[in-house]
Amino acid sequence: MVARSTFGELRRPTGRARSGPIQVLFTPTPAADGRPQVAFAVSKRCGGAVERNRIRRRLRAAVDRMAEDLEAGAYLVRTDPEVGAMSFDEVFHSLRGAMLRAGAKGGG
């Protein structure tokens, strides 16, 4: 469970990065198991509920593939509508680049 204070901290992120239509905000949090916590913000501009859920599933699958490479902390992933037309590999590489830069020491 993610504490409400974590979302408050993401209003003042220590790291942020953008790669194409994907923006990532990052803030370090004390996590007991050292794993990253990731939330997704996919706006209605990206399409109807079916399309937004498809985008979220792709993002979640991409995060699962790279989770062990990420800095522990809280990440907020925001998307622009163009992400819906991208292949999984394009989404993965854009997301990976943005998340690694946002979570890098010094904050991207």
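The following paragraphs describe the fold, the third helix and the charged side chains of a predicted model.

The protein contains three helices and four strands, which succeed one another along the sequence in the pattern α-β-β-β-α-β-α. Of its 108 residues, 43% are buried, and the accessible surface comes to about 6200 Å², with 50% of that area belonging to carbon and sulfur atoms. Among the contacts with a separation of 6 or more, 76% are accounted for by residues 24 or more positions apart.

Helix α3, spanning residues 88-103, comprises 16 residues and reaches 22 Å from its first C-alpha to its last, close to the 22 Å expected at 1.5 Å a residue. The buried residues of this helix are Val-91, Phe-92, Ser-94, Leu-95, Gly-97, Ala-98, Met-99, Ala-102 and Gly-103, and what covers them includes the strands β1 (15-19), β2 (22-27), β3 (37-41) and β4 (74-79) together with helix α2 (49-66). Arg-65, which lies in helix α2, touches Phe-88, Asp-89 and Phe-92, and its C-alpha atom is separated by 9.5 Å from that of Arg-96, 31 residues apart along the chain.

Four salt bridges were counted in the model. In one of them, the side chains of Arg-45 and Asp-80 meet at 3.7 Å, N to O; because Arg-45 lies in the loop between β3 and α2 and Asp-80 in the loop between β4 and α3, the pair ties together parts that are 35 residues apart in sequence. Arg-45 counts as exposed, at 59% relative accessibility, and both partners are linked with Arg-18 in a network of salt bridges. The side chains of Asp-69 and Arg-96 likewise meet in a salt bridge, at 2.9 Å, N to O; Asp-69 lies in the loop between α2 and β4 and Arg-96 in helix α3, so this pair ties together parts that are 27 residues apart in sequence. Asp-69 counts as partly exposed at 40% relative accessibility, as does Arg-96 at 26%.

Within helix α2, a salt bridge of 2.7 Å, N to O, joins the side chains of Arg-54 and Glu-51, residues that are three apart and therefore separated by about one helical turn. Arg-54 is partly exposed at 24% relative accessibility, and Glu-51 is partly exposed at 25%. Arg-56, also in helix α2, is buried yet has no salt bridge, the nearest side chain of opposite charge being that of Glu-51, 11 Å away. The side chain of Arg-56 instead makes a polar contact of 2.8 Å with the side chain of Asn-53, and Arg-56 touches Phe-40 and Val-42, not counting residues up to four places away in sequence.

Notes:
Residues numbered from 1 in each chain as written. Predicted model: local features only at pLDDT ≥ 70, side-chain atom pairs only at ≥ 80, totals over all residues. Heavy atoms only, no water. Helix = DSSP H or I, 4+ residues; strand = E, 2+ residues; numbered from the N terminus. Expected span 1.5 Å × (residues − 1). Buried < 20%, exposed > 50% of the residue type's maximum accessible area, 1.4 Å probe, protein only. Contact = heavy atoms within 4.5 Å. Lys, Arg positive; Asp, Glu negative; His and termini not counted. Polar contact = N/O pair within 3.5 Å; in protein donor to acceptor, adjacent residues only side chain to side chain. Areas by Shrake-Rupley, 256 points an atom, 1.4 Å probe, with all protein chains shown as cover.
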